[in-house]
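Welcome to this short tour. Open your viewer, get ready to select residues by number, and follow along from stop to stop.

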Amino acid sequence: MKVKAVSSNRKEAREYQTPSSGLFFKVKNVLYEKKSKYQKIEIIQNDFYGRVLFLDGLVQTTEKDEFFYHEMLVQPALCSCRQPERVLIIGGGDGGALREVLKHSVEKAWLVEIDQEVIRACEQYFPWLEASLSDPRAELAIADGFDFIQKTKERFDVILVDSSDPVGPSAILHARDFYFKLKKVLRPGGIIAAQSGSQLLHLKEHGQKAKFLKKMFSISRFYSAPVPTYPVGTWCYNFLSDQIDPLKVKKLRIPAGLKYYNEEIHRASFAQPVFFKQAIR
Ligand code: AG3
């Protein structure tokens, strides 16, 4: 189903990153606007960032800077994994994470997105999604991530959680119960990488998450990198495994065609500032 581009007289699109500050984009065009069963989906055109996807008013993806986020969500785990054959992505309906996974010689990659409308919108406006979904190794499931892992008979070498912020409706994908279930569908030697929110804005949530993750996985590390359009500076991710320590991997298996991630970034991204170390201690 194609939804027509509507030109709009809206001048600006904003995300209130905190109640008193945020980020704005001048809107050249509103390309897509729809309220799905789950959320409000908007794609606008901006001169600098190109196409920008908002879900419920929160920036998810921009053409200009999505590679910062998607490479950093996917590559540290995939490049550290001994043999990434079967990969599960929860969320990530814009397809950026799937595109990164398919740069590796995986056997199969599942994309589990709850909102069919996000897939429709992104297929139309982010060309890498359609290209990735037409790869024979990719399988799309429109399902709730939580339900999916509860029911699946599959086991995975890498699980990537491309959720939204650790507060509000997607808080459930940052909770203990969810990680407990993820662990059960992980193959031996498997790795989970999950986006965990803004370093500064979600500091309290990182602290809470660190507590249960440390008990659940032998190796539980935070890593971070900037994402220019995400709230207040640095963005954080969890790296979780019972066998693989990302700082002890001798040879990272880095695929061709990356724009952000390399060996130096891999090592540096696990370094943490003082205030963050204190928060996750
Ligand atoms: N998932 C993380 C988006 C978080 C952005 N938060 C915000 N703007 N407040 C992104 C999905 C992209 N695949």
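## Stop one: a buried charge

Select aspartate 165, which is buried yet has no salt bridge. The nearest side chain of opposite charge belongs to lysine 209, and it is 11 Å away. A salt bridge would need a side-chain nitrogen of Lys or Arg within 4 Å of a carboxyl oxygen, so lysine 209 does not form one with aspartate 165. Keep in mind as you look around that this is a predicted model.

Where along the chain does aspartate 165 lie? Follow the loop between β10 (156-162) and α6 (176-184), and you will find aspartate 165 there.

Now show the neighbours. Leaving aside residues up to four places away in sequence, aspartate 165 touches Leu58, Ser170, Ala171, His174, Gln195, His202 and Trp235.

## Stop two: a positive patch

Next, select Arg176, Lys211, Lys214 and Lys215 together, and turn on the surface: these residues form a positive patch. Which element gives the largest share of the positive patch? That is helix α7 (residues 203-216), which supplies three residues.

Zoom in on lysine 214, whose place is in helix α7. Is lysine 214 buried, partly exposed or exposed? Its relative accessibility is 45%, so lysine 214 counts as partly exposed. The partly exposed class runs between the buried limit of under 20% and the exposed limit of over 50%.

## Stop three: a nonpolar patch

Move on to Leu200, Leu201, Val232 and Phe275, which make a nonpolar surface patch of about 300 Å². Colour these four side chains so that you can pick them out.

Stay with valine 232, one of the residues in that patch. Valine 232 sits in the loop between β12 (219-226) and β13 (234-241). With a relative accessible area of 31%, valine 232 is partly exposed.

Now look at the backbone of valine 232. Phi there is near 40°, a positive value in a residue other than glycine.

## Stop four: another positive phi

For the last stop, select aspartate 56. What is phi of aspartate 56 near? The angle is near 45°, again a positive value in a residue other than glycine.

To find aspartate 56 on the chain, trace the loop between β5 (50-55) and β6 (58-62). On the surface view, aspartate 56 is partly exposed, with a relative accessible area of 43%.

How values were computed: Residues numbered from 1 in each chain as written. Predicted model: local features only at pLDDT ≥ 70, side-chain atom pairs only at ≥ 80, totals over all residues. Heavy atoms only, no water. Patch = residues over 30% accessible without salt bridge, like charges linked within 9 Å, V, L, I, M, F, W, Y side chains within 5 Å. Areas by Shrake-Rupley, 256 points an atom, 1.4 Å probe, with all protein chains shown as cover. Lys, Arg positive; Asp, Glu negative; His and termini not counted. Charge placed at Lys NZ, Arg CZ, Asp CG, Glu CD. Helix = DSSP H or I, 4+ residues; strand = E, 2+ residues; numbered from the N terminus. Buried < 20%, exposed > 50% of the residue type's maximum accessible area, 1.4 Å probe, protein only. Contact = heavy atoms within 4.5 Å.
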